[in-house]
Each structure stands twice: as C-alpha cells, then as structure tokens.
Amino acid sequence: PEPVPMPMPMPVPVPVPAADDCSVRVAVRLRPLSSEERFAHCEECIHRVEHAEQIVVGKHSFTFDHALSPDIGQQEVYDVIAAPLLQQFLGGYNATILAYGQTGSGKTYTMGSQSSLNLEPEEHGIIPRFIADLVDGLKEGGDDGSPPVSMRVQFLEVYGEDVNDLLNPLGSKVSIREIDGQVVAQGASEVPFSTAEEVLELLEKGTLHRSTGATNMNARSSRSHAIFTIVLDKGESISSGASE
C-alpha cells in the first residue's frame, strides 16, 4: 500500500530572547484586504500568532520585535513604533524609522507622509503624531532652564537616481556626499519651524511635488522614496529621519 502523507503541524510560538541591548528593532504590520481584493473574493494568507510577535505564512512562521495585526489603529502603531524613540531623540540620539514594503502595502499611510489636511485625527500616521509630541515635549521642558532649541525640517525624494528637494523643487540639484565622515544631502534646504501646524503645511507642500506613476498595486502610487528629516539643534545637531 502507498504511504499516507502525514498532516503538517502548524507553527507554534517560539520564545525569543530579549533585545533590549539592540539598537535596531523590526516590526511588521499586516494590512487588511483592499476593496479590490475583497471584490475578487481573495482570502488573507498571512496570520498573526496570538500572544506572540510572530506571523504565519503557509507552513512557515517568522518572528519580529513587534507583529501588528490588521485591526489595530494608527495611534497604537505610533505608541509601539515611534513613541519610544521620542525621548531618545530629545536626549541627543539619532532616531530613524524606515518603512519597507512593496507598492500598495501601506507604507505611506503608516508613516503619514501623505497630505494630512483632509484626514481625521485618528487616521494620522507616525510623522504628524511624532511632530505633535515633539513640539509638546519641548514646551513642557522649556521651563527647566534648558538652552533654547531650534527645529528644522528637510523633505527629500529619491526617484530613480535623482534626489529631489520637495521643499524647494526649483532650487539647486541635491547630491549625496560624504563630508568629514558624515553623509550629507548637499544642496538640500532645511526650513525652520516652531509649531506642529507649520510642519504639516510643509509636509503638504512637499507631498504635492512628489513624482507619481501608476502601478498594478495602486493606481496613485509612486515609485519614489521619501525621506522626511527633523533636525533639532541644542547647541549640537541632532537629527531624526523618517523614510518611506
């Protein structure tokens, strides 16, 4: 008689050692099905393991520092991903959030690098929330005798091999160079700001200048990569970058 194939057991949560001493954390956010996918009767193929930072794809499981299910809101994503970086940023450390994923996977929505003017507050992404908390945090700490600070914002787009200044699209060409051991965007403008509203206006201005091109996943999506940087000056330059 022919052997009977045995069913493949489902992956189970695997203990993961603590990573408190690691400066790089990785989180995965599962997006819900799009309206087009639901119309085509598609089914979800990735599942989050309950009570574990793991996802299951077919017969394989993958572990992350954070695994975020499709039903969580923007505020919870911010609390898990970005809020812990704010105090480190105010303390003088560089902080970077990199959103990685294929076109249409939700990078722009999660980061909030699109226009936020017509969005409900609960739909705001990481960048608008980080800016609001940054400005509020500086106001709260302004009475402790600390030296005054200055804040500037830079908004760049990498499109193919070109680097575009989204806040000054008619200005000089931007080039990436290494100067005194530091990588800088030479020719890019840095616009000072003092309120969260000013930054949202700059975010809106830069968004309007981004290159767009249709793809199979998202008709309004762009093949460009945006780099939104906040520079906080406390006598020494401290920068926080958010890219998508």
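These legends describe close-up views of one predicted protein model.

**View 1. The whole chain, a predicted model with helices and strands.**
The protein chain has six helices and 13 strands. It runs to 244 residues, and buried residues make up 32% of them. The accessible surface of the chain comes to about 15800 Å². Carbon and sulfur atoms hold 54% of that surface. Sequence-distant contacts are a feature of this chain. Among contacts with a separation of 6 or more, 58% join residues 24 or more positions apart.

**View 2. The loop between β6 and α4, with positions listed by UniProt.**
An unreviewed UniProt entry lists a "binding site" here. The listed residues are G101, Q102, T103, G104, S105, G106, K107 and T108. Strand β6 covers 95-98, and helix α4 covers 107-111. T103 lies in the loop between the two. Q102 is in that loop as well, and so is G104. Is Q102 buried or exposed? With a relative accessibility of 53%, Q102 counts as exposed, because the cut-off for exposed is over 50%. G104 is partly exposed, at 29%. Q102 can also be placed against a residue far along the sequence. R223 is 121 residues away along the chain, yet the C-alpha atoms of Q102 and R223 are separated by 9.9 Å.

**View 3. T110 in helix α4 and its contacts.**
T110 belongs to helix α4. Its relative accessible area is 17%. T110 is therefore buried, since buried means under 20%. Which residues does T110 touch, leaving aside its neighbours within four places in sequence? The contacts are R29, Q74, V77, G125 and I126.

**View 4. R152, E190 and D233 joined by salt bridges.**
The structure holds three salt bridges. Side chains of opposite charge can pair when their charged atoms come close. R152 meets E190 in a salt bridge, at 2.7 Å from N to O. This pair links distant parts of the chain, 38 residues apart. E190 sits in the loop between β10 (182-186) and β11 (191-193). R152 sits in strand β7, residues 150-159. E190 is partly exposed, with 35% relative accessibility. R152 forms a salt bridge with D233 too, and here the closest N and O atoms are 3.1 Å apart. D233 lies in strand β12 (residues 225-233) and R152 in strand β7, so the pair ties together parts that are 81 residues apart in sequence. Through shared partners, R152, E190 and D233 form one network of salt bridges.

**View 5. The salt bridge between E37 and R31.**
The side chains of E37 and R31 meet in a salt bridge. The N to O distance is 2.9 Å. R31 is partly exposed, with a relative accessible area of 31%.

**View 6. Two cysteines, C42 and C45, outside any disulfide.**
A disulfide is a covalent bond between the sulfur atoms of two cysteines. How many disulfides does the count give? The count comes to zero. C42 is in no disulfide, and the nearest cysteine sulfur, that of C45, is 9.3 Å away. C45 is likewise in no disulfide. The 9.3 Å gap is over the cut-off, because a disulfide needs sulfur atoms within 2.5 Å. C42 is partly exposed, with a relative accessible area of 37%. C45 counts as exposed, at 55%.

**View 7. A nonpolar surface patch made by I46, V57 and F62.**
Which residues make this nonpolar patch? They are I46, V57 and F62, and the patch is about 220 Å². V57 has its place in strand β3, residues 54-57. V57 is partly exposed, with a relative accessible area of 31%. That value lets V57 count towards a patch, because patch residues need over 30% relative accessible area.

**View 8. D71 in the loop between β5 and α2.**
Strand β5 spans 66-68 and helix α2 spans 74-81. D71 lies in the loop between them. At 69% relative accessibility, D71 counts as exposed. What separates the C-alpha atoms of D71 and P32? The distance is 7.5 Å, with the two residues 39 apart along the chain.

Technical notes
Residues numbered from 1 in each chain as written. Predicted model: local features only at pLDDT ≥ 70, side-chain atom pairs only at ≥ 80, totals over all residues. Heavy atoms only, no water. Patch = residues over 30% accessible without salt bridge, like charges linked within 9 Å, V, L, I, M, F, W, Y side chains within 5 Å. Areas by Shrake-Rupley, 256 points an atom, 1.4 Å probe, with all protein chains shown as cover. Salt bridge = Lys/Arg side-chain N within 4 Å of Asp/Glu carboxyl O. Helix = DSSP H or I, 4+ residues; strand = E, 2+ residues; numbered from the N terminus. Buried < 20%, exposed > 50% of the residue type's maximum accessible area, 1.4 Å probe, protein only. Contact = heavy atoms within 4.5 Å. UniProt positions renumbered as here; feature names shortened; annotations may be inferred.
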